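Please open the model in your viewer and keep the sequence panel beside it. This tour tells you what to select at each stop and what you will find there.

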Amino acid sequence: MTEQDFILKDYKTNVESGKVKWESPSNIALVKYWGKRENQIPENPSISFTLSNCKTITTLSYQKKESKDFSFDVIFEGENNEAFKPKIQTFFERIETYVPFLRDYHFTISTSNTFPHSSGIASSASGMSALALCLMSIEQNLKENITLSAVERSSYFNQKASFLARLGSGSACRSIEGELVVWGKNKATESTDLFGVRFTEDIHPNFQNYQDAILLVDKGEKQVSSTVGHKLMFGHPFAEKRFEQAHENLSELKEVLISGNLKRFIEIVESEALTLHAMMMTSMPYFILMKPNTLQIINKIWQFRNETGSNICFTLDAGANVHVLFPEAETEKVYHFIKTELVAYCQNGHYICDTVGKGAKQLA
């Protein structure tokens with residue numbers, strides 16, 4: 001697929017109004033993407049677990065209008081939200097070529113999250129993917145001629161939804177499908193820079209129904225946004241070596257996921273998390289998103305693993321919160337550890353119990 005394949009050329013102009021609704025999950029990268037080129041193209045490939053409980057639910061209503069400007073309202077958690085409008089305006093401008101009906105309608109975007117916004121759980125990923133899926137449902141309704149088979153149509157739908165979502169937020173392209181999604185060209189998998197591709201190898205039983213407990217160390221806004229952080233990889237003294245490392249780690253992680261090697265999985269995933277934050281701490285200007293309690297939790301996890309032989313491990317996104325990953329077989333033991341040892345380091349004692357999911361779902 002190329003960018004040209006995603007341009008909608010013919011569509012019905014007599015549809016006056018409608019409403020669609022999707023839920024789309026967040027995701028947690030195992031191999032991290034940090035640094036991007038023009039048009040949201042990643043500097044290195046990444047692979048992520050799609051989550052199940054941490055999701056955005058978006059209803060998109062559309063009403064035909066006469067003017068040819070972009071027109072939309074945003075309702076977040078039941079209230080009008082002006083703060084989100086500039087990002088959506090930019091998103092619409094980026095994707096207009098591919099969904100030209102954007103100027104034909106006034107949109108009401110009503111959205112909510114099942115988790116705290118701006119808390120390091122990639123709300124932009126779930127939010128932008130949910131919006132992209134809603135737009136794809138509208139496109140499907142407006143298409144003049146649908147000559148594809150059901151299977152081809154489903155594949156194209158997901159690919160273009162992922163493609164559009166990427167132009168809103170890079171990691172959003174990994175939230176359309178599950179359980180594992182790869183994004184970015186690499187030698188190990190048949191993936192692309194343009195959209196996320198579901199990892200189709202047979203995953204070892206060790207990694208099926210994998211668990212993710214998200215410890216909310218800090219629910220506040222990050223002092224440095226991911227957008228700014230990505231830009232700081234330009235001219236970064238360790239950037240090229242980091243990009244090489246990501247390619248190597250993705251290749252090895254592919255084999256690990258097939259073989260079931262939990263020990264090596266832990267080493268790669270934790271190294272990737274720490275490398276991500278090392279890039280932040282060695283950029284110019286440098287910054288730190290981890291908090292003291294983040295480090296406390298990491299040390300507690302290491303201690304628990306050494307003492308019990310558990311396969312628990314951690315990963316981090318671009319924030320202070322800690323994703324605690326572990327096999328389903330260890331659920332009871334790990335949650336007991338979290339409740340007795342780790343919850344003290346969470347803001348207001350809050351954490352989220354999640355698991356690997358199958359991807360987005362249409363609700364209406």
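**Stop one: helices that cross**

The crossing of α6 and α7 is left-handed, and you should keep in mind while you look at it that this is a predicted model. Select helix α6, which is residues 262-281, together with α7, and you will see that their axes come within 14 Å and cross at roughly 165°. Because angles over 145 degrees count as roughly antiparallel, α6 is roughly antiparallel to α7. To see where the two helices touch, show the side chains of Ile266, Glu270 and Leu274 on α6 and those of Ile301, Trp302 and Arg305 on α7.

Now keep helix α7, residues 292-308, and add helix α8, residues 331-342, which packs against α7 at an angle of about 135° with the axes 12 Å apart. The helices α7 and α8 are therefore oblique to each other, and α7 passes α8 in a right-handed crossing. The contact is made on the α7 side by Ile297, Lys300, Ile301 and Phe304, and on the α8 side by Lys333, Phe337, Glu341 and Leu342.

**Stop two: a buried strand residue**

Select Val324, which you will find in strand β12, residues 322-326. Is Val324 buried or exposed? Val324 has a relative accessible area of 0%, so this residue is buried. If neighbours within four places in sequence are left aside, the contacts of Val324 are Gln211, Asp212, Ala213, Leu215, Ile301, Ile312, Cys313 and Val334. For one of these, Cys313, you can follow the C-alpha atoms and find that it lies 5.9 Å from Val324 in space, while the two are 11 residues apart in sequence.

**Stop three: aromatic rings**

A search of the whole structure finds 23 aromatic pairs. Begin with Phe6 and Tyr156, whose ring centres are 5.8 Å apart and whose planes stand at 40°, so that this pair is tilted. The pair joins distant parts of the chain, since Phe6 is in the segment before β1 and Tyr156 is in helix α3, 150 residues apart. Phe6 is buried with a relative accessible area of 0%, and Tyr156 is also buried, with a value of 14%.

Next, add Phe195 to the selection: Phe6 and Phe195 form an edge-to-face pair, 5.9 Å centre to centre and with 85° between the planes. Here too distant parts of the chain are linked, because Phe195 is in the loop between β8 and β9, 189 residues from Phe6.

Then select Tyr62, Phe70, Phe72, Phe91, Phe92, Tyr105 and Phe107, which ring pairs link into a cluster. Over the face of Phe72 lies Lys85, at 5.3 Å from the ring centre, and over the face of Phe70 lies Arg103, at 4.1 Å from the ring centre.

**Stop four: backbone details**

Most residues other than glycine have a negative phi, and most peptide bonds are trans. With that in mind, select Gln40, in the loop between β2 and β3, where phi is near 60°, a positive value. Asn348, in the loop between α8 and β13, also has a positive phi, near 55°. Gln40 is buried, with a relative accessible area of 7%, whereas Asn348 is exposed, at 61%.

Finish with the peptide bond from Met284 to Pro285, which is cis with omega near 5°; Pro285 lies in the loop between α6 and α7.

Notes:
Residues are numbered from 1 along each chain as its sequence is written. This is a predicted model: local features need pLDDT of at least 70, side-chain atom pairs count only at pLDDT 80 or more; totals for chains, interfaces and linings use all residues. Side-chain values use heavy atoms; hydrogens and water are left out. Rings of Phe, Tyr and Trp (its six-membered ring) pair if their centres lie within 6.5 Å; planes under 30 degrees apart count as stacked, over 60 as edge-to-face and the rest as tilted. Helices (H or I, at least four residues) and strands (E, at least two) are DSSP runs, numbered from the N terminus. Buried means under 20% relative accessible area, exposed over 50%, partly exposed in between (1.4 Å probe, protein chains only). A charge sits over a ring if NZ of Lys or CZ of Arg is within 6 Å of the ring centre and within 35 degrees of the ring normal. Axes are lines fitted to C-alpha atoms, for helices over the stretch in contact, and angles run from 0 to 180 degrees between N-to-C directions. Angles under 35 degrees count as roughly parallel, over 145 as roughly antiparallel, 65 to 115 as roughly perpendicular and the rest as oblique. A crossing is left-handed if the near helix is turned anticlockwise from the far one by less than a right angle, and right-handed if clockwise. Contact means heavy atoms within 4.5 Å.
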